[in-house]
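Let's take a walk through this structure together, one piece at a time. Please have the viewer open as you read.

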Amino acid sequence: MSTCYPKKAANLASRVLKGEAIIMNPVDSSLFSLNETATAIWEAADGRTTLQEIVEREVCPRFEIDSESALRDAEEVVHALAEHSILLVSEEPADE
Amino acid sequence: MTATNIVIGGTGIEVASNRGDFLAMLERQYAEFASPVANSSIRLTVDVVDQAAASAGDEDLRVQREAGCWSITRGDFEARYDQVRRRGTVRQDVNRHSIDSVIRIIHTLALASEGGLLLHAASAIRNGSAFVFAGRSGAGKTTLSRHAPADACLLSDEISYVRKAGETFLAWGTPFTGELGTPGANQSAPVKALCFLRQAEENRLVPIEKAEALRQLLTNVLFFADDPDMVRQVFDTAGELVGCTETFQLNFTQGGAAWELIQ
């Protein structure tokens, strides 16, 4: 999964307040709260950056975590968000 | 056919009906929010029918877009509202609760695109600033309102109206009452603080994080329409309100001493 390309799902409503993202799916008004680490991944999920790059660039330096643990945690976060259709995960980078 | 104008938050709704007794009832119900001056941007025509013809049983509220118009239905009324033309029709029997619900819903629809919200909240003006006390049924909105000191101007004990005005939000009085049964004052002021109510053993104002405030605020927003674009607008407005307002949990006791914290 480290080479996957996570991308924020379209048409969600979201707001980041002091490092914590609150995300709403306006179709069913379901609400999701992300901690700071998950928010960092969410914000960087542009569909053109691999999860490993996101972890190395956004998570490890900011939260002082080793890359192996951070990547393992990040994979769990991405898996959970993808299950709720908050993130889309692709093996290929998204088009510009 | 005659009409009366009900102006809430600066937005007027002209209610026209073939029944003078119905309009007289509305004028009593909405008191200082009712005006004979025809300056309303929204017009509703109410067809007052007998109870048997109006009732469709215990049907729950539904607010759906159909052929470019809003269809707003509940067991006790049927309404259609064209948001572009700002014209609507209501079919109900002669009672004040049905039209009151329709007016609330039309305000939520109008506010969504204007950066405003209707909230499950009491609100009051004190020292020139508005304080909003959010909480669902049983949270203590009416209890707190009942103990408001003389220098506090009560805007509502049940449903509060807030709308963006430049870089801030204004809270407006509403005639929508809870157990207190008294309409709010028809006044407005900039919102200084958003307080989430919690009945407690002591009176204490506890600052809360913005993310937590947004989560709590969203549970107190009145919005009924099944429309993702408008839900997104409501979410954005709630986020803006939280972002530009002080946010607290207000722990309060049954007496009125908590008002000493509201300055």
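In which sense do strand E1 (residues 2–8) of chain B and E3(B) pair, and over how many bridges? The two strands pair in the antiparallel sense, over two bridges. One of the residues to look for is B:Ile6, whose bridge partner in E3(B) is B:Ala34. Please keep in mind throughout that this is a predicted model.

That pair belongs to a broader arrangement in chain B. Eight strands form an open sheet there, with mixed pairing and the order E3-E1-E2-E4-E8-E7-E6-E5. Strand E3 (34–35) and strand E5 (62–66) of chain B stand at the edges; each has a single partner strand, so one side of each is left without a neighbour in the sheet. Now add a helix to the picture. Helix H1 (residues 20–30) of chain B lies across E1, strand E2 (11–17), E3 and strand E4 (42–48) of chain B. The angle at which H1(B) runs to E1(B) is about 20°.

Further along chain B comes helix H6 (residues 228–243). From its first C-alpha to its last, this helix of 16 residues reaches 22 Å, close to the 22 Å expected at 1.5 Å a residue. Its buried residues include B:Met230, B:Val234, B:Phe235, B:Leu241 and B:Val242. B:Thr237 and B:Ala238 are also among the buried residues of H6(B), and they lead us to a glycine elsewhere in the chain.

That glycine is B:Gly115, found in the loop between helix H3 (96–112) and strand E9 (116–126) of chain B. How far apart are B:Gly115 and B:Ala238 in sequence and in space? They are 123 residues apart in sequence and 8.7 Å apart in space, taken from C-alpha to C-alpha. Setting aside neighbours within four places in sequence, B:Gly115 is in contact with B:Thr237, B:Arg163 and B:Lys164. B:Gly115 has 17 C-beta neighbours inside 10 Å, so it counts as partly exposed.

Let's move over to chain A. Here three strands form an open sheet in the order E2-E3-E4, and the pairing is antiparallel. E2 and E4 of chain A are the edge strands, each pairing on one side only. On average, neighbouring strands of this sheet are turned by 15° against each other, direction ignored.

We can follow this sheet strand by strand. E2(A) and E3(A) pair in the antiparallel sense over five bridges, and A:Ala13 has A:Met24 as its bridge partner in E3(A). The hairpin of these two strands has two residues between them, and A:Lys18 takes a positive phi near 50° there. E3(A) is then joined to E4(A) by four bridges, again with the strands running antiparallel. Two of the partnerships to trace are A:Ile22 with A:Ser33 and A:Asn25 with A:Ser30. In this second hairpin, four residues lie between the strands, and A:Ser29 takes a positive phi near 60°. E3(A) itself is mostly covered, with five of its six residues buried.

What about the helices of chain A? The axes of helix H1 (residues 36–44) and helix H3 (residues 67–83) of chain A come within 10 Å and cross at roughly 70°. That crossing makes H1(A) roughly perpendicular to H3(A). On the H1(A) side the contact is made by A:Thr37, A:Ala38 and A:Ile41, and on the H3(A) side by A:Asp73, A:Ala74, A:Val77 and A:Val78. By class, these residues divide into five nonpolar, one polar and one charged.

Helix H2 (residues 51–63) of chain A joins the same picture. Its buried residues are A:Leu51, A:Ile54, A:Val55, A:Glu58 and A:Val59, and they pack against strand E1 (5–8), H1 and H3 of chain A. Just after H2(A), A:Glu64 takes a positive phi of about 50°.

Finally, let's bring the two chains together. In this model, 13 residues of chain A are in contact with 12 residues of chain B. Which elements give two or more residues to the side of chain A that touches chain B? They are strand E2 (13–17), strand E3 (20–25) and strand E4 (30–33) of chain A, the strands of the open sheet we traced above. By class, that side of chain A has seven nonpolar, three polar and three charged residues.

How values were computed: Residues numbered from 1 in each chain as written. Chains lettered and ligands numbered in written order. Predicted model: local features only at pLDDT ≥ 70, side-chain atom pairs only at ≥ 80, totals over all residues. Contact = placed C-beta atoms within 7 Å. Nonpolar A, V, L, I, M, F, W, Y, C, P; charged D, E, K, R; others polar. Pairing = 2+ DSSP bridges. Axes fitted to C-alpha atoms, helices over the stretch in contact; angles between N-to-C directions. Expected span 1.5 Å × (residues − 1). Buried ≥ 20, exposed ≤ 12 C-beta atoms within 10 Å, placed from the backbone. Parallel < 35°, antiparallel > 145°, perpendicular 65-115°, else oblique.
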